[in-house]
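Me: I am new to reading protein models. Could you walk me through this one, feature by feature?

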Amino acid sequence: MTADTANGGISQLENHYKTFITEKDFADIAGAGLNYVRIPIGYWAIETRDSEPFLAKTSWTYFLKAIKWARKYGIRINLDLHALPGSQNGWNHSGRLGAINFLNGPMGYANAQRSLDYIRILAEFISQPQYKNVVTMFGIMNEPQASTIGQDALSRFYLEAYNIIRQAGGTGAGNGPFISIHDAFLPRSSWVDVLPNADRVTLDSHPYLCFGGQSDAAMSTYAKAPCTTWGAPVNTSMGAFGLTNAGEWSNAVTDCGLWLNGVNLGVRYEGTYAGGGARVGSCDQWTDWQNYNDEMKNSIKNFALSSMDALQNWFFWTWKIGNSTASGKVESPAWSYQLGLQQGWMPQDPRDATGACGNASPWTPPLQSWQIGGNGAGNIPASVTSALSWPPPSISNAGAVTLLPSYTPTGPVPTLPAPTLTSSGSKATATADAGNGWANPNDKAGMMVQIPGCSYLDPWVGPTAAPPSPLCS
C-alpha cells in the first residue's frame, strides 16, 4: 500500500479508521448489554523509525474518539498493545508476518527496550485523571510466544512493564489501570506466583477451539464444549492466580473464514493450509450464514452462552467483520458479534449466559485484597524482584545481552497528544482540561535511542543474523 502513491500510499488506511468503527458502534455495543471493549493498537500509534512501513500516529487520533464514545455510552476500555517492534509472535497481526524479533535474535533486546518505552508513554496518558476511569485495563502485549522467547525473559519483561505502569499512575485501587498479561500460550498455572502481591494484574488467555484438529461434527454437538474445556480451568485460575480474563474468543469451531489464518494461507478444514492435515469438507456450510436454519442459529447461541458462562470475564473477538470486497457479505460469520445479534445467534442480553454450564467446580469469591488494589497491593517480595531483574542476562537465539545492540535513554519523549476540545452553544463555560499526556511529572527519563558510534540491524532482521561486529566503535 505504501508503494501505491497514485492513490495516496499508506494514508489510504485512514479511510478505514474513519468509517469502520463509528460512534454508532459504541451505542450498539452498549445496547447489546456489553460494558467493556478491548481495543488493539500498534506501537506506530506513537511513532515509527527509519523506514518502518506503518502509518504513524493516525490511529491515536481515532483511539481518542473511542475514549469519548466509551465515556458517553458507559463503556470501559481495555487498551491492548497488539504490535511491538520486531514482532512478539511472528503473525500478521503483530505488524509483520515472519520471524519473532522481540526478546529473540540479535535485535531482541533493543526491540524490547523500545517496547517498554511505548508501554510507558501509553501508561502515562491513560493514567491521567481525565482518562483512568474510562481506560481501566491495559494489555501490555498481545500473544507473545513463550516457546520462542522463554518464560524467564518474558517474566522479567512483564515485571519491568508492571513497574513502569505503576510508576506512571501509582499503586492501589483507582491509581492507573488493571494490567493484563497474556499467558504466552503456557498453562495458566505457569503464571501462579510469578508476580506475587502485584497490584491489580489479570491473566489473559485466548481460548479457541478452531485452530487445532478439524471436525465435521454438527454445531449442536459443541453446546457444552466450552463448559467442559474451559470452565474448571478458569475457576482454578481465579483462585490460584487471581482475576482471569479471556481477551479473545469466538463462535468458531472450525477455521473456516476468509483470510482467517492469513491472506492466501489456506484453511485447515478444506486441506489447503500448510501442515494442516487432510481435507475434512467444504467451508460453505459454516460460512453461508444467509442460509443458516433455526437449528444452526440456536446451536451457535447455545455455544456462545456456554462460552460466556465458562469464561466469566471475556472479550469477544470481534465486534464487527467487514463485508468482502468480492462477495459483498461477511465471510467469517463466527467472528462477528454484530452479525450474530442481527441474525439471531447471539443473545440480546449476555446475562442470559449465567448458569449455562451448571458450574460443577465453582470458584468461591472474593479475590484477595492485594489482587484488587487493596491491602498489600504492590508488595512484591525482594527475592522476586531480584530474581526477575531487568534485563535478562541472555536473549533467545542471540546469547549474552551485553553483546547485543542496545539503546540509551537520551532521546526526546513523544508524549501522546490529548483530544482537541471545542465549545458549543453561546453560554460561557469553564475550559475543560484534557491533560498534557503525562500523569507523573517526576518521570523525566529520556526515550531509548541509538548510541552514537554503535551499529544496529533492522528491527525485523530475523533471529539467525549475527550481531554487528564490532558492536560499537
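Reply: Happy to; we will go from the overall shape to single residues. Please keep in mind that this is a predicted model.

Me: Let's begin with the whole chain. How many helices and strands are there in the protein chain?

Reply: The protein chain has 11 helices and 10 strands. Its radius of gyration is 23 Å, close to the 23 Å that the globule rule gives for 473 residues, so the chain is as compact as a globular protein of that length. Along the principal axes, the C-alpha atoms fill a box of roughly 70 × 60 × 55 Å.

Me: And what share of the residues in the protein chain is buried?

Reply: Buried residues account for 51% of the 473. The accessible surface comes to about 20700 Å², and 51% of that surface belongs to carbon and sulfur atoms. For contacts, look at how far apart the partners are in sequence: among contacts between residues at least 6 apart, 74% join residues at least 24 apart.

Me: Now the interior. Which residues have the most contacts inside the largest nonpolar core?

Reply: They are F138 and F157, in a core of 118 residues. Leaving aside residues up to four places away in sequence, F138 touches a list of partners that includes L79, L81, I119, L122, I165 and F178. Apart from this core lies another, of 6 residues, among them M107, A110, M448 and Y456.

Me: I have heard about salt bridges. What is the general idea?

Reply: Side chains of opposite charge can pair when their charged atoms come close. In this structure there are 15 salt bridges.

Me: Where do R120 and D117 lie?

Reply: Both are in helix 4 (residues 108-126), 3 residues apart, which is about one turn of the helix. Their side chains meet in a salt bridge, with 3.4 Å from N to O. R120 is buried, with a relative accessible area of 6%, and D117 is buried, also with a value of 6%.

Me: What about D199 and R200: are they buried or exposed?

Reply: D199 counts as buried at 0% relative accessibility, and R200 counts as buried at 3%. The side chains of D199 and R200 form a salt bridge of 2.8 Å, N to O.

Me: Which parts does the pair of K329 and D288 tie together?

Reply: First, the pair itself: the side chains of K329 and D288 meet in a salt bridge at 3.6 Å, N to O. K329 lies in the loop between helix 9 (294-311) and helix 10 (337-343), while D288 lies in the loop between helix 8 (284-287) and helix 9, so the bridge ties together parts that are 41 residues apart in sequence. K329 is buried, with a relative accessible area of 19%, whereas D288 is partly exposed, at 26%. Salt bridges that share partners also join R38, D80 and E248 into one network.

Me: Let's move to the surface. Which residues make the nonpolar surface patch of about 360 Å²?

Reply: W91, L97, F185 and L265 make that patch. L97 is in the loop between strand 2 (76-83) and helix 4, and L97 counts as exposed at 53% relative accessibility. Two of the patch members turn up again when we look at Q145: Q145 touches residues including W91 and F185, not counting those up to four places away in sequence. Q145 itself is buried, with a relative accessible area of 13%, and sits in the loop between strand 3 (135-139) and helix 5 (146-149).

Me: Finally, the backbone. Where are cis peptide bonds found?

Reply: One runs from W317 to T318, with omega near 15 degrees. T318 lies in the loop between helix 9 and helix 10. Another cis peptide bond joins P365 and P366, with omega about 10 degrees, and P366 is in the loop between helix 10 and helix 11 (382-387).

Me: Which phi angle does S87 have?

Reply: S87 has a positive phi of about 80 degrees, although it is not a glycine. S87 lies in the loop between strand 2 and helix 4 and counts as buried at 0% relative accessibility. Q312, which is not a glycine either, has a positive phi of about 70 degrees. Q312 is found in the loop between helix 9 and helix 10, and at 29% relative accessibility Q312 counts as partly exposed.

Notes. Residues numbered from 1 in each chain as written. Heavy atoms only, no water. Helix = DSSP H or I, 4+ residues; strand = E, 2+ residues; numbered from the N terminus. Buried < 20%, exposed > 50% of the residue type's maximum accessible area, 1.4 Å probe, protein only. Contact = heavy atoms within 4.5 Å. Salt bridge = Lys/Arg side-chain N within 4 Å of Asp/Glu carboxyl O. Core = buried A, V, L, I, M, F, W, Y, C linked by side-chain atoms within 4.5 Å. Patch = residues over 30% accessible without salt bridge, like charges linked within 9 Å, V, L, I, M, F, W, Y side chains within 5 Å. Areas by Shrake-Rupley, 256 points an atom, 1.4 Å probe, with all protein chains shown as cover. Rg over C-alpha atoms; globule rule 2.2 N^0.38 Å.
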